[in-house]
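Colleague: I am new to this structure. Please take a close look at a single part, the salt bridges, and go through them in order.

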Amino acid sequence: MPLLIQRASAGSGKTEQLARRYLQILLNKDSCDYEVDPVSIVAATFTREAAGEILNRILKILSTACQDRSVCQSIVEETLVPIPSPIECQQLLRRLMEQINYLRIGTIDSLFAQQARAFVLDLGIAPHWEIADSLTANKLAQRTLLHLLKLDPQFAQDWKILHHFQRSLSFVRRGALLLEKNRFVALSELLGKTPEKKIPPQRVSKEESESIHRFFSSFNIPLTAQGKPNGHWIAALKKIEYAFTQPLYLKDVLDQSPLFSQLLLEEPRFYRKEIPQEFLRFFSPLIEASQAEQQRLALLREGALHRLVQNYHHLRSHYSFQEGRYTFQEIEEIVSHSSQKISKEEIEFQMDLSTEHLLIDEYQDTSERQHAFLYPLIGDVLAKGGWAFVVGDVKQGIYGWRGGKRHLLSSLEKDYQPYLQKTKLHHTSYRSSPAVLEAVNHVFEALKNQEVVESMKAGDSFKKAAARWSLEFEPQVSAASVACLRGSVTLHKIPAAVGKLQEEIMGLVIQKVVELVQAHRQKDPLREIAILVRRTKFIPSLLLNLREGGILASGQGGNPLADTLAVEVLLSLLSWMEHPGNSAAYEHVNASPLGDLLKEHGTSPATQGAALRELLVDRGYSKCLRAWASRPLFHNACSDYERERLEQFIAMASRFELLGGGAPSDLVARAREERVESPLSQGVRVLSMHAAKGLEFETVILMDLDTSIFGGSTDGMHVQRTTDGKFFIQNSREMTLLQGREHLLKIHQEEQWEEALSLLYVAMTRAICFLDIVMMEDVNGKIPKKSMAGWLRTSGLEDHCFDGLSLQDQRKKRSQKSSAIKKNPCSFEITSLQRPPLLLKRTPSKENKKGVRLLSDSFYNRNARSHGIFQHRVLAQIEWVKRAVSHPLIEILEKEEDRAIFDEEYFFSKWKKWWVTSLEVWRERRFAVVQKNELLVGTFDRVVIGSLEKTPVVAEIIDFKTAPTLEKERCYNQYKLQLEEYRKALQHLLPTLRHIQTKIVWI
């Protein structure tokens, strides 16, 4: 079978194609009419929602095909798989429903988790471990940090070095987030060598400052063409002289004036004129010393981070084991190193899973660690003759910040070129109207125009990124189902007046966004709207402004339950009960409609708190919260939205108790941080562009596009890894150049530009009908040009409009059309499905109680078991070998009669009386058959089938066993029952067989 890679643009139906491919594998029977076991198919993607959508699509296609023959044909179109009948689709649907709990359709993270659960002791993971949620992970991280501060004084010193010898006020929270985020990257080898002496930043001496002032008093300022002192020089020198009137760190000298940074160039110039030699001679030593100081501190900083992460990692791993809570990142890291300890054969043996077919979605988002896990799995599937179907779109690779490498999709094509059948390109959109696609095509087709790209004036990094990105882009067209869909793309420009602060400008942008939402709501109250932002820090402001405008909206992944005053009152009550001295929380409750609750339990806060705490201990969180929330005065004061959030808070408290409970502050923290979707959001969502991937909305509003793509946190803590695995801290552009890492800066900036273009593409293609783009009008030339909005302006994007059917009318027309189609009558009756009785699952090779010896009992240790599994794997790769040819088979099988089972001539001669015309070999073939209310499962090591005119008539089952020489004869008698069960299973699978032989081969 081939490797098929599908490159599909946004909205082109990738999930539909993947679901159909899954069904094609199940419908593609072999020459003996053997059905593929659904458990042998792995379908993996990145999110649980996407995995659930794949399963839903598979079941939906099958259920529709049970009544519509045209759907049966569409399942296998463009393939050689026979068209199934509605009855076959019904039978396949029943098979899937019976095994739905065993289907391997899930996330890539779940593949790591399955392997980790199978090898808990081998990998050193805590027994019965669970995935830690974000709150638990943060709690463990802070606990680790506090413990290290208490035990290791050097830990705090390294933290000060990391921040240029300055201790941050928000040390614990920021430190935990930083170390947890970069935990595994910073464990790598350092890019540069750390200085031995950890000397703090040096200051410019008083004598040097005085000499600078003396120099300026005698320095002749360059003149203009008119013979007057140059104004630019006068302003620059005043700024420099003022800087040296105060204590100044040597590392900060370069930042005081563009004049100083120019001195590092080969031909230093200031405002297009050469800098006087007198100025060069005086300041060059100081500038070189400042550069050396910055380089020294940067290396010290990287060394400090390396030491911090090493200490943090060991203790953090200990706490994960102690609590039995691991993050997905931890599990990935642990499992990725398991191949050094555990062979692939042993993994399959312990997990009792064999992957024969593999389907992977969104491959452009895989990290190098995930690729290293999936790459050999793909190779193994192809070597066994299975299907490998990979779906990806390099244009949508937007997760580089968390390790996603878009180039891995192309490397997969290159490495498995012999298996690669063809790479499909899908550019037909089944989502967006012609107006939206016209705008998308205009923006990204412009990347192929060299003159337009150069007019952006964003440097070589943008040119190279645009050239690479444009190679993947082809103009998209609307499918027939959406070609008549009404739509529009509108640009809204906000004037950025001179002197306005960034916060004031963003306030105007948010105000415009709220007005757009209100306008869409007036046209259609049921219109689904998404507001997409680059930076999540604007989400709270947007939600607040929308609510003030009378519109309830849901944030990214929902909102914390503390977004309502009703829940806030209960949180204040819990906070005060745990900390009676919290008078602010007490007054908040006392002044609310819940104040009568306090008065019922005493006259003083002390007696009230004691009574309520006793009640909370006796009855628990959920019962107490429900009783308090149901009090008439409080309940009647709440809106419908607040009552809904109260119910969700009570449900959260119930789950909190089931998980072991804890202090009231733990529940309060969970309510303030955990996001919960509200069903009363009225179809308006505010989320980041990254979170919108995979979603679609009738209306999309884009904002926050004028932010520079090179912007980030002020501390500059961007930890990067080079291609050879070494890590470094990515600082500002100027600092990186000073460190002599210009080549790394260029690579990083190109990657940033590619990801920014992909993020813009993803954001624009989320829209079905209407796309509103809010940008700033660059009236003073101060808006960052190296931004998404900068490219939108440069590309010349204008408003687009297409008149046609509304989305509601189009959906109504489609449903009427489908209901008007006259379906052919089914050849079977549709009855209400009833759950069949549960079958007893039996595995003959593992049943000691029936006289069958467990295979693993024959091994004395892991090395022996691994050796046996490896030998099985080697033999499974062999189809036929001529006995006259020298082959490694001799080293595995000692007897000549055993080696004969790999010789075609032997079987033709042996089965001459059956008039056998062809032979077929099954190798490591899994089976599952039903016999007398029992589900018999197992794996045939090797089966040779002789056929007469394509009809199987005779077969031999060969089972490979490993045992000490002295025990072979005793073991042989115990294996007879197992072989008899295998013979019955084969007879059930191939009813035409007249004779079946069994044979044990010792290896």
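Modeller: E677 counts as partly exposed, because its relative accessibility is 37%, within the range from 20% to 50%. This is a predicted model. The partner of E677 in a salt bridge is R685, with 3.5 Å between the closest N and O atoms. R685 has a relative accessible area of 23%, so this residue is partly exposed too.

A second pair is E647 and R626, whose side chains meet in a salt bridge at 3.0 Å, N to O. E647 lies in helix α29 (residues 640–658) and R626 in helix α27 (residues 621–629), 21 residues apart, so to speak a link between distant parts of the chain. E647 is partly exposed at 39% relative accessible area, and R626 is partly exposed at 37%.

In a third pair, the side chains of D706 and R793 form a salt bridge at 2.4 Å, N to O. This pair also links distant parts of the chain: D706 sits in the loop between β18 and β19 (718–721), R793 in helix α33, and 87 residues separate them. D706 counts as buried, because its relative accessibility is 7%, and the cut-off for buried is under 20%. R793, with a relative accessible area of 28%, is partly exposed.

Salt bridges also join into a network, which links K14, E362, D365 and K693. The structure holds 48 salt bridges. As for confidence, the mean pLDDT of the protein chain is 84, with 88% of its residues at 70 or more.

Notes:
Residues numbered from 1 in each chain as written. Predicted model: local features only at pLDDT ≥ 70, side-chain atom pairs only at ≥ 80, totals over all residues. Heavy atoms only, no water. pLDDT = per-residue confidence, 0-100. Salt bridge = Lys/Arg side-chain N within 4 Å of Asp/Glu carboxyl O. Helix = DSSP H or I, 4+ residues; strand = E, 2+ residues; numbered from the N terminus. Buried < 20%, exposed > 50% of the residue type's maximum accessible area, 1.4 Å probe, protein only.
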